[in-house]
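Subject: Structure for you to look over

Dear colleague,

I am handing over the structure we spoke about, and my notes on it follow below. Please read them beside the coordinates and tell me where you would like more detail.

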Amino acid sequence: MSLLLSPITIGNLSLKNRVVMSPMCMYEVKKEDGIVTPFHFAHYGARAIANVGLIIIEATAVQPDGRITKHDLGLWNDKQTEKFSQLVDSLHYLGSKVGVQLAHAGRKAVDAQPVAPSAIAFNASLRTPQALSVDEIKQIRADFVAASKRAQQAGVDVIEIHGAHGYLISEFLSPLSNQRNDEYGGSLANRYRLLHEIATDIRAQFSGSLWVRLSLSDYDQSGKQNSIADWQQVCQWLERDGIDVIDVSTGGVMDYAPDLPLHGGYQTPFATAIKQAVNIPVTTVGLLDSPDLAEYILQTKQADLILEGRVLLRNINWLADAAKQLHDHDYQPFNNSYQRGQLK
Ligand SMILES: Cc1cc2nc3c(=O)[nH]c(=O)nc-3n(C[C@H](O)[C@H](O)[C@H](O)COP(=O)(O)O)c2cc1C
């Protein structure tokens, strides 16, 4: 049996395989109310029926102004929670574990006045954000915790705090977007403060598996971005704060393209650097379309779980194809009827 398609248990989270659907915004909330629609049942249901072990539902806003666009999902009221809960139930019925990525867009909000640690625009096409007051930061912290309670109520197995890609928490972490002089800016410990507060507050009430996604490089050439040693320190703090899994990505803080060749697994060395610093599982993501590459990464212990993004948008049946390529004869499709659909 391949490692990719074999089960894994992380704390109280048991997954039937090591393939995770990476969070991907679908911008399909046409009514602009943040509520799950039939699209989300079909979209995520299709990946559940195709045996994805864990589905992390797209960036879901913790407050209306924290959305990237008005078409994002949200978890700030009861109606949203009720429909979200039905979605989680249906994915559980289809055999997948379910996570949600809780997010605040920060200076990348396009349909609301953006806010950020400092009044520095992402680029010329996005508005200059308002720098948050300490009281406003406390409100956002409370909104993350309230959303995590709603996610728990809805029955998710995993909450992922979105600390990557230049959205609010990521903006606080990077010295390039955070130029505050108070307790939320300056030193690495101060820039970590917001994530620390949100993580420990959520940990105190959420009994499931708590993940954090981080961007390990801003692809900045000025020498000012956090170093890998800084990120190893942040991840040691996250482990101390009760985080179960670190999800390693890169980019998005600055409007710069990656300064390295975009081959399959280009982000995996960043995950491996974190694995060397912590004792909790670390995931990798980014052009891991080849099952052989994914299997090799797991076999060589460069990461513990494989996140798949765009390839699952192109090919719902990626897992069955992976089983064939890896000669994994133990792979079981969703049911016997689906088994009959597998060509010999
Ligand atoms: C349409 C789309 C939407 C995305 N939305 C999110 C998101 O909500 N949260 C997030 O952390 N990353 C998001 N990403 C990034 C993916 O989760 C993933 O990290 C990235 O696509 C690289 O993996 P891949 O090469 O397997 O696609 C998105 C990517 C795409 C293509």
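In what follows, Ala, Val, Leu, Ile, Met, Phe, Trp, Tyr, Cys and Pro count as nonpolar, Asp, Glu, Lys and Arg as charged, and the others, Gly among them, as polar. With that division, the shell around the ligand in this predicted model consists of six nonpolar, six polar and three charged residues. The ligand is surrounded by 15 residues, the closest being Ser-22, Pro-23, Gln-101, Leu-287 and Arg-310, and it occupies the largest pocket.

As for polar contacts, a ligand nitrogen lies 2.7 Å from a side-chain N or O atom of Gln-101, while an oxygen atom of the ligand is 3.2 Å from a polar backbone atom of Ala-59, and an oxygen atom of the ligand is 3.3 Å from a side-chain N or O atom of His-162. Of the 610 Å² of accessible area that the ligand has on its own, the protein covers 81%.

Turning to the nonpolar cores, the largest comprises 85 residues, and those with the most contacts inside it are Leu-4, Ile-57, Ile-161, Leu-214 and Ile-246. A second, separate core has 13 residues, including Ile-10, Leu-13, Val-245 and Val-285.

Best regards

Note on methods
Residues are numbered from 1 along each chain as its sequence is written. This is a predicted model: local features need pLDDT of at least 70, side-chain atom pairs count only at pLDDT 80 or more; totals for chains, interfaces and linings use all residues. Side-chain values use heavy atoms; hydrogens and water are left out. A residue is near a molecule or strand if one of its heavy atoms lies within 4 Å of it. A polar contact is a pair of N or O atoms within 3.5 Å; within protein, one must be able to donate a hydrogen and the other to accept it, and residues adjacent in sequence count only if both atoms are side-chain atoms. Accessible areas come from the Shrake-Rupley method with a 1.4 Å probe; for residues, only the protein chains shown count as cover. On a 1 Å grid over the protein atoms alone, a cavity is a set of points where a 1.4 Å probe fits but cannot get out, and a pocket is an open set with protein on both sides within 12 Å along at least five of seven lines; lining residues have an atom within 4 Å of a point. A molecule sits in a cavity or pocket if more than half of its atoms lie within 2 Å of its grid points. A nonpolar core is a set of buried Ala, Val, Leu, Ile, Met, Phe, Trp, Tyr and Cys residues joined through side-chain atoms within 4.5 Å. Buried means under 20% relative accessible area, exposed over 50%, partly exposed in between (1.4 Å probe, protein chains only).
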